[in-house]
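Me: I should like to learn how the features of a structural model are read. Please take me through them one at a time.

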Amino acid sequence: MVQIVIVGAGPTGVTLALLLVKRGITVTLIEATKDFHRVFRGEGLMPSGLEALEEMGVSALLKDIPHRQLDAWEFIIGNKQLFQVDEPMGATQPCTLVSQPLLLKALISSAQTNDGFEFIQGLPVKDLLWSNQRVAGVTLSDGREFAADLVIGADGRNSLVRQRVGLELVRQPKNIDILWFKLAASPEFAENNVFRTILNGDRAFTIFHGAESGKLHLAWIMSATENTDSKQANWAEIFASLSPSWLAEYFRNHADTIESPIRLSVVVGYCPQWHAPGVLLLGDAAHPMSPVRVQGINLAFRDVIVAANHLVPLLHKKTGHQDIDIALSRIQAEREPEIIRAQQLQLEEAKQGELLRKNALVRSLLIQLAPLLRKPIKKSWLKRQYKMRQGITQVHLTV
Ligand SMILES: Cc1cc2nc3c(=O)[nH]c(=O)nc-3n(C[C@H](O)[C@H](O)[C@H](O)COP(=O)(O)OP(=O)(O)OC[C@H]3O[C@@H](n4cnc5c(N)ncnc54)[C@H](O)[C@@H]3O)c2cc1C
């Protein structure tokens, strides 16, 4: 019997486990944390991610999970609207915010209805097992060992699997961190859920209604080197001072609902090689994504589909380890063009934001010339979005 061990039950690990066990392959999925309710997990699914869930045959699960569609994207600079674009921007479905903990739980429950699935939660993988210079399994923190024909490193951006196997991660320079706030949402925010990016002076933040009922999410963008005493600051007043009057009034009236923020460090990078004998990295372990235009989960789902297409036929044939290892390089080759392009597009968008944040002259020209520049800026933004929304290469589940 072929045995697969997947390290990490984030979007990558859980969906791959489900696809494999549904196809009769024995999988052990190991997750370090005790439950999925860590303070922050990304929620934004682009049309490409929603389509990937459809291809996997699990989109029906969404109806029982808190989720909320976006109605539009709006950019406000110096208190004036630069432009607004309505969803779904030519796609068949709009960008949708989905509660990730509940989605992961539902996917695990679905995997558990199949034979050959084992889920170990609350224990991290501590090391890899080796046999003849090939990875042959994992060791858990309690000392238990799990042999595997293939180990999948789906353990996120700080991947232990990546480190233990010695695969390099080339990191983009670290520019920004995010302070993530939640505050009460009045019903109008839910009725017309606009993802607003607000830039005023050298400060910027985004605000939208999350998947959870009655909660606005606010991402405050800051330099990675900046030290803010987030507990002392009067955030309602800070947000209000940067916002158009109607939103400023909202912040002031709902000041007492602003929850203490968490600081999220943004790591972006790419592994020149995603695999070694007996190991494949997928999702953030192979290519940690920036939060810009919510790409990471969507790309992770698409990695999983491509990996399943290549691996399932081989695993059914109970092929030798050498053939499995050859397939790993094909998986990387198929995914690489999309990942590299998506990271470039994210970087372009981040650089434009940084230029506006840091250069007062450019900012003031843009504000003054907004009536003239609105159309071309909107057009060029839309052009970049298409690929980040629909995906760059063709990805379809064939097994
Ligand atoms: C601020 C911010 C906001 C974002 N928002 C979005 C968004 O809205 N939409 C979007 O598409 N992307 C978003 N992203 C990117 C997205 O979060 C990642 O790309 C995505 O989570 C990658 O999924 P993954 O399963 O590969 O890794 P992860 O989600 O990081 O999951 C890895 C899992 O492995 C587990 N693990 C780690 N080490 C071990 C170990 N040794 N043993 C066992 N388990 C282990 C972890 O506990 C974790 O559950 C955002 C990123 C940031 C920084």
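**Reading the model**

Reply: The protein chain has an average pLDDT of 95, and 99% of the residues score at least 70; pLDDT is the predictor's confidence in each residue, from 0 to 100. This is a predicted model, in which local features need pLDDT of at least 70 and side-chain atom pairs count only at pLDDT 80 or more, whereas totals for chains, interfaces and linings use all residues. Residues are numbered from 1 along each chain as its sequence is written.

Me: Which elements of the protein chain have the lowest and the highest mean pLDDT?

Reply: Helices (H or I, at least four residues) and strands (E, at least two) are DSSP runs, numbered from the N terminus. Helix 10 (residues 360-390) has the lowest mean, 91, and strand 21 (residues 279-281) the highest, 99.

Me: Which residues around the ligand come nearest?

Reply: A residue is near a molecule if its C-beta atom, placed from the backbone, lies within 6 Å of it. There are 34 residues around the ligand, and Gly8, Gly10, Gly42, Gly283 and Gly296 come nearest. Two or more residues of the shell come from each of helix 1 (11-22), strand 2 (26-31) and helix 8 (296-316). Helix 8 contributes the most, with four residues. By class, the shell has 18 nonpolar, 12 polar and four charged residues. Here Ala, Val, Leu, Ile, Met, Phe, Trp, Tyr, Cys and Pro count as nonpolar, Asp, Glu, Lys and Arg as charged, and the others, Gly among them, as polar.

Me: How many residues of helix 1 are buried, and what covers them?

Reply: An α-helix has 3.6 residues a turn, so residues three or four places apart point the same way. A residue is buried if 20 or more other C-beta atoms lie within 10 Å of its own, exposed if 12 or fewer, and partly exposed in between, with C-beta atoms placed from the backbone. In helix 1, 11 of the 12 residues are buried, including Pro11, Thr12 and Val21. Their cover includes strand 1 (3-7), strand 2, helix 3 (100-111), strand 8 (117-121), strand 12 (150-153) and helix 8. Just after helix 1, Gly24 has a positive phi of about 80 degrees.

Me: How do strand 15 and strand 17 run against strand 16, parallel or antiparallel?

Reply: Strands of a sheet pair through backbone hydrogen bonds, either parallel or antiparallel. Two strands count as paired if DSSP finds at least two bridges between them. Strand 15 (residues 194-200) is antiparallel to strand 16 and joined to it by five bridges; Arg196 has Ile207 of strand 16 as its bridge partner. The two strands form a hairpin with two residues between them, and Gly201 in the turn has a positive phi of about 60 degrees. Strand 16 is also antiparallel to strand 17 (residues 215-223), through six bridges. Five of the seven residues of strand 16 (residues 203-209) are buried.

Me: Why is one side of strand 3 and of strand 4 left without a neighbour in the sheet?

Reply: Three strands form an open antiparallel sheet in the order 3-7-4. Strand 3 (44-45) and strand 4 (67-69) stand at its edges with a single partner strand each, so one side of each has no neighbour in the sheet.

Me: Is Asp149 buried or exposed?

Reply: Asp149 counts as buried because it has 23 C-beta neighbours inside 10 Å. Asp149 lies in the loop between strand 11 (145-147) and strand 12.

Note on methods
Two residues are in contact if their C-beta atoms, placed from the backbone, lie within 7 Å.
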